[in-house]
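Thank you all for making the time this morning. I would like to walk you through one model, beginning with the ligand site and then moving outward to the rest of the chain.

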Amino acid sequence: MARGIVPRQPAKTGRHEGTRVSRSPKTSQKTSGLRPERPGQRPNPTRAKGSKQAAAKSALAGKGYNPLASERIAEILARLDQLYPDATCALSHKSAWELLVATILSAQSTDVNVNRVTPELFRKYPTVADFAALTPEQLEPDVRSTGFFRNKSKSVVGAAKRVVSEFSGEVPEDMDKLLTLPGVARKTANVVLGTWFRKAEGVVVDTHVTRISRRLELTRNTDAPKIEQDLMKVIPREKWILFSHQIIWHGRKLCIARRPKCVDCALENICHAGDKTWSTVEVHTSAKV
Ligand code: SF4
């Protein structure tokens with residue numbers, strides 16, 4: 001059967017034939033853990049490789065499902081490694097300062113949009129001192145297209161002035177110091193520390209990480225600081241940096257906000273998200289954005 005005419009299930013329930021919905025993740029989860037290939041579906045080595053482990057997990061689930069079980073976390077990480085082995089930050093930058101600016105500009109915008117703006121911006125103002133010499137109003141036209149440009153201009157110029165006056169023109173490699181810069185909260189600090197300095201001080205929690213962590217039942221919280229704390233408890237520290245990038249890529253490519261592409265997702269048979277668009281396992285209505 002041609003791929004295009006295989007019926008899919010409605011987005012709202014995430015159900016298809018034979019799929020059950022559990023209102024509570026604590027209720028039993030009698031699933032095979034194995035997912036039938038759709039007719040005409042292309043082979044997926046990741047899915048095939050994970051099927052035995054998923055079956056083992058299903059046995060585990062039958063005894064009492066725990067979304068935070070170390071075996072389940074390890075399986076999620078292994079599949080992300082196969083999907084996105086080289087995931088990294090998509091913001092163009094050549095220094096810690098450029099990455100800091102790009103991350104501030106990326107709030108409520110897309111990396112693509114920011115990458116359109118920053119090459120010319122850094123040609124015009126090559127150093128931190130150049131930014132520190134500006135007023136926010138002078139910077140506004142250059143960052144206007146990224147949205148919220150007045151606040152972003154204030155943050156960038158304020159951060160530049162502080163980096164110059166307090167840190168000798170060098171972006172600090174320290175979480176507490178970074179958090180003293182205007183416009184810098186833990187998300188931005190984690191991006192700079194993890195991507196540029198390779199320091200795992202926390203997990204980047206943006207809109208993608210928030211959504212997917214809830215779908216995968218790694219957290220039930222909705223605010224970024226609590227989500228980060230939850231993730232730091234279950235994800236091994238050596239994976240914090242890569243995990244953030246992998247989840248962000250997954251959020252862009254498959255686990256998108258509206259109508260995630262579950263039928264093509266290698267995590268499908270270990271994901272019980274309540275807003276799945278296709279499922280071979282029980283869905284948990286509480287596990288969604
Ligand atoms: S199965 Fe669907 S909801 Fe779950 S992680 Fe994959 S794309 Fe996201």
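The residues around the ligand, meaning those with a heavy atom within 4 Å of it, are Arg215, His250, Cys255, Pro260, Cys262, Cys265, Glu268, Cys271, Ala273 and Lys276. Before I go further, please keep in mind that this is a predicted model, in which local features need pLDDT of at least 70 and side-chain atom pairs count only at pLDDT 80 or more, while totals for chains, interfaces and linings use all residues. Residues are numbered from 1 along each chain as its sequence is written, and side-chain values use heavy atoms, with hydrogens and water left out.

By class, the shell around the ligand holds 6 nonpolar, 1 polar and 3 charged residues, where Ala, Val, Leu, Ile, Met, Phe, Trp, Tyr, Cys and Pro count as nonpolar, Asp, Glu, Lys and Arg as charged, and the others, Gly among them, as polar.

Which space does the ligand take? It is the largest cavity, and a molecule is said to sit in a cavity or pocket if more than half of its atoms lie within 2 Å of its grid points. Rolling a probe the size of a water molecule over the atoms shows where empty space is left. Here the search runs on a 1 Å grid over the protein atoms alone: a cavity is a set of points where a 1.4 Å probe fits but cannot get out, a pocket is an open set with protein on both sides within 12 Å along at least five of seven lines, and lining residues have an atom within 4 Å of a point. Grid points are joined across faces, edges and corners, and a volume is the space filled by probe spheres set on the points.

The whole structure has 3 cavities of 30 Å³ or more, and the largest cavity has a volume of about 130 Å³. Its lining is made up of 15 residues, of which His250, Cys255, Cys262, Cys265 and Cys271 are the closest to its centre, and the lining divides into 10 nonpolar, 1 polar and 4 charged residues.

Let me stay with one residue of the ligand shell, Ala273, which is located in the loop between H12 and strand E2 (283–284); helices (H or I, at least four residues) and strands (E, at least two) are DSSP runs, numbered from the N terminus. Ala273 counts as buried because its relative accessibility is 2%, and the cut-offs are under 20% relative accessible area for buried, over 50% for exposed and partly exposed in between, with a 1.4 Å probe and protein chains only. Leaving aside neighbours within four places in sequence, Ala273 is in contact (heavy atoms within 4.5 Å) with Arg215, Val283, His284 and Ala287. Ala273 and Ser213 are 60 residues apart in sequence, and their C-alpha atoms are 9.9 Å apart in space.

Ser213 and Arg215 bring us to helix H10, residues 207–215. Why is H10 described as largely enclosed by the rest of the structure? The reason is that 8 of its 9 residues are buried, and they run from His208 through Val209, Thr210, Arg211, Ile212, Ser213 and Arg214 to Arg215. These buried residues pack against helix H11 (224–234) and H12.

H10 also contributes to the largest pocket, since helix H3 (96–105), helix H9 (186–196), H10 and helix H12 (240–253) each supply at least two residues of its lining. The largest pocket encloses about 720 Å³ of space, and of its 25 lining residues, Ser106, Ala107, Lys187, Asp206 and Thr207 are the closest to its centre. The lining of this pocket has 10 nonpolar, 11 polar and 4 charged residues.

Two backbone details deserve a mention. Most residues other than glycine have a negative phi, and most peptide bonds are trans. Gln108, in the loop between H3 and helix H4 (111–124), has a positive phi of about 60° although it is not a glycine, and at 67% relative accessibility Gln108 counts as exposed. Arg259, in the loop between H12 and E2, likewise has a positive phi, near 50°, and with a relative accessible area of 46% Arg259 is partly exposed.

Finally, the chain as a whole. The protein chain has 12 helices and 2 strands, and buried residues make up 52% of its 289 residues. Among contacts with a separation of 6 or more, 62% join residues 24 or more positions apart.
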